[in-house]
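I opened the model to look up its contacts with nucleic acid, its salt bridges and its overall make-up. My entries follow in the order in which I made them.

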2 protein chains.
Amino acid sequence: MTIGTLAKMAGMHVETIRYYQRRGLVALPEKPYGGIRRYDENALARLHFIRSAQWLGFSLEEVGELLKLEDGTHCDETRALAEHKLEDVRRKIVGLKQMESTLDDLVERCRCSTDPQNCPIIHSLHTDLHQDRRSCANNNRDQLDARTDTQP
Amino acid sequence: MTIGTLAKMAGMHVETIRYYQRRGLVALPEKPYGGIRRYDENALARLHFIRSAQWLGFSLEEVGELLKLEDGTHCDETRALAEHKLEDVRRKIVGLKQMESTLDDLVERCRCSTDPQNCPIIHSLHTDLHQDRRSCANNNRDQLDARTDTQP
DNA sequence: GTTGAGTCTGTAGTCAGGTACGGAAGTAAG
DNA sequence: CTTACTTCCGTACCTGACTACAGACTCAAC
């Protein structure tokens, strides 16, 4: 099949596949002289593999590591990657739960507030919440990490 | 105080403050002719406010919205923003918990596996996991969103 | 009065994971 | 055989939240 068909079957854009090729996650099949590259079931399987790994939270870099272990004979190393990712995910959950409970509390206080001139949320943002928040830098993802990382 | 002192007190870099100024989140105080800008407690308070809001998961764009409501007299709008963010956060938690349980299960199966030539994790990535994963595009953050978003 | 640190301003680079585009060449349908 | 779609390839752009740097200027200490 052509790259367009492959993309359709994998449910992704042609450009995404090309991007994976550039990153070395997907092989670039031989091109017949002055012709067009053709892809087989293996290429599709690989795209599925990548998608699945991403779905579990692995970055493309990590997917690359997993692909090196793709033959299934390095169970320990694979498990180590998965365990590490599991810790990652759990750390993020802890961070998000902190957000959740604080937000929930704030919203609740806001609902019960009788003074419409002094919103409890704004008040908290001005007074309580900024203690020891120095390390919540970068973007949302890293923010979560930073909130819970042991080594900065 | 100068911007360097302000940065130190807020626990952030000078460049970050300048970035916030460019984004219109922090005011640029008047500069005396051929002199240097000075900042006061209000500037510091604003930086704390921004940090706190970020800690709750608000993006800088959303922080901008919150800052418009900073006088505390628009309790309903503020609460609406917080409720929306709370939903956001809960959606992300749901996504992460899916990852967590799948990873946990995979790691467990890997530990109990007796066939070191056929790693259950790799096997799953090849066969099970890629059903209906079409919408887990973009980066990790959006991936989480996509997994749980109702409106794509 | 000179040295070194801090400030100002503008612009460019970083990361991840793509997305978009332009121009040339190949391919499929009528 | 023409028209319209794909493919190929390289490069540039996108988001978000910074981070870095160059060159000119100012300020405080010695």
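**Entry 1: DNA strand C**

I began with Arg37(B), where an N or O atom of the side chain is 2.5 Å from a phosphate oxygen of DNA strand C. I note at once that this is a predicted model, and I read the distances as such.

I then went through the same strand for chain A. The side chain of Thr16(A) places an N or O atom 2.8 Å from a phosphate oxygen of DNA strand C. For Tyr20(A), I found a polar side-chain atom 2.9 Å from a phosphate oxygen of the strand. Two elements give two or more residues to the surface near DNA strand C: helix 2 (14-22) of chain A and helix 1 (3-10) of chain B. Helix 2 of chain A gives the most, with five residues.

I listed the surroundings next. There are 23 residues around DNA strand C, and those that come nearest are Thr16(A), Tyr19(A), Gln54(A), Thr2(B) and Arg37(B). Which parts of the strand come within 4 Å of the protein? Sugar or phosphate holds 78% of those atoms, and bases hold the rest. I sorted the surface by class and got seven nonpolar, 10 polar and six charged residues.

**Entry 2: DNA strand D**

I repeated the search on DNA strand D. It has 23 residues around it, and Thr2(A), Gly4(A), Arg37(A), Tyr19(B) and Gln54(B) come nearest. Of the atoms of this strand within 4 Å of the protein, sugar and phosphate account for 80%.

I looked up three polar contacts here. Gly4(A) uses a polar backbone atom, 2.8 Å from a phosphate oxygen of DNA strand D. Thr16(B) has a polar side-chain atom 3.4 Å from a phosphate oxygen of the strand. With Arg22(B) the partner is a base oxygen of DNA strand D, 3.3 Å from an N or O atom of the side chain. The elements that supply two or more residues to this surface are helix 1 (3-10) of chain A and helix 2 (14-22) of chain B. Helix 2 of chain B has the largest share, five residues. By class, I recorded seven nonpolar, 10 polar and six charged residues near DNA strand D.

**Entry 3: salt bridges**

I searched the whole structure and got 22 salt bridges over all chains. Side chains of opposite charge can pair when their charged atoms come close. I wrote up three of the pairs.

Asp88(A) pairs with Arg91(A), with the closest N and O atoms 3.4 Å apart. The two are separated by about one helical turn, because they sit three residues apart in helix 5 (residues 75-112) of chain A. Is Asp88(A) buried or exposed? At a relative accessible area of 16%, Asp88(A) is buried, while Arg91(A), at 26%, counts as partly exposed.

Glu100(A) pairs with Arg90(B), the closest N and O atoms being 2.7 Å apart. This pair crosses between chains, from helix 5 of chain A to helix 5 (residues 75-112) of chain B. I noted Arg90(B) as partly exposed, at 34% relative accessibility.

Glu108(A) pairs with Arg111(A) at 3.2 Å between the closest N and O atoms. Both lie in helix 5 of chain A, three residues apart, about one turn of the helix. Glu108(A) is partly exposed, with a relative accessible area of 41%, and Arg111(A) is partly exposed at 46%. I also traced a network in which salt bridges with shared partners join Glu62(A), Lys85(A), Asp88(A) and Arg91(A).

**Entry 4: one buried serine**

I checked Ser124(B), which is in helix 6 (residues 120-126) of chain B. Its relative accessibility is 0%, so it counts as buried. What does Ser124(B) contact, leaving aside neighbours within four places in sequence? I found Leu106(B), Arg109(B) and Leu129(B).

**Entry 5: chain A as a whole**

I closed with totals for chain A. It has seven helices and zero strands. Of its 152 residues, 44% are buried. The chain exposes about 8,300 Å², and carbon and sulfur atoms supply 49% of that area. Among contacts with a separation of 6 or more, 50% join residues 24 or more positions apart.

Terms used. Residues numbered from 1 in each chain as written. Chains lettered and ligands numbered in written order. Predicted model: local features only at pLDDT ≥ 70, side-chain atom pairs only at ≥ 80, totals over all residues. Heavy atoms only, no water. Helix = DSSP H or I, 4+ residues; strand = E, 2+ residues; numbered from the N terminus. Buried < 20%, exposed > 50% of the residue type's maximum accessible area, 1.4 Å probe, protein only. Contact = heavy atoms within 4.5 Å. Areas by Shrake-Rupley, 256 points an atom, 1.4 Å probe, with all protein chains shown as cover. Salt bridge = Lys/Arg side-chain N within 4 Å of Asp/Glu carboxyl O. Near = heavy atom within 4 Å. Polar contact = N/O pair within 3.5 Å; in protein donor to acceptor, adjacent residues only side chain to side chain. Nonpolar A, V, L, I, M, F, W, Y, C, P; charged D, E, K, R; others polar.
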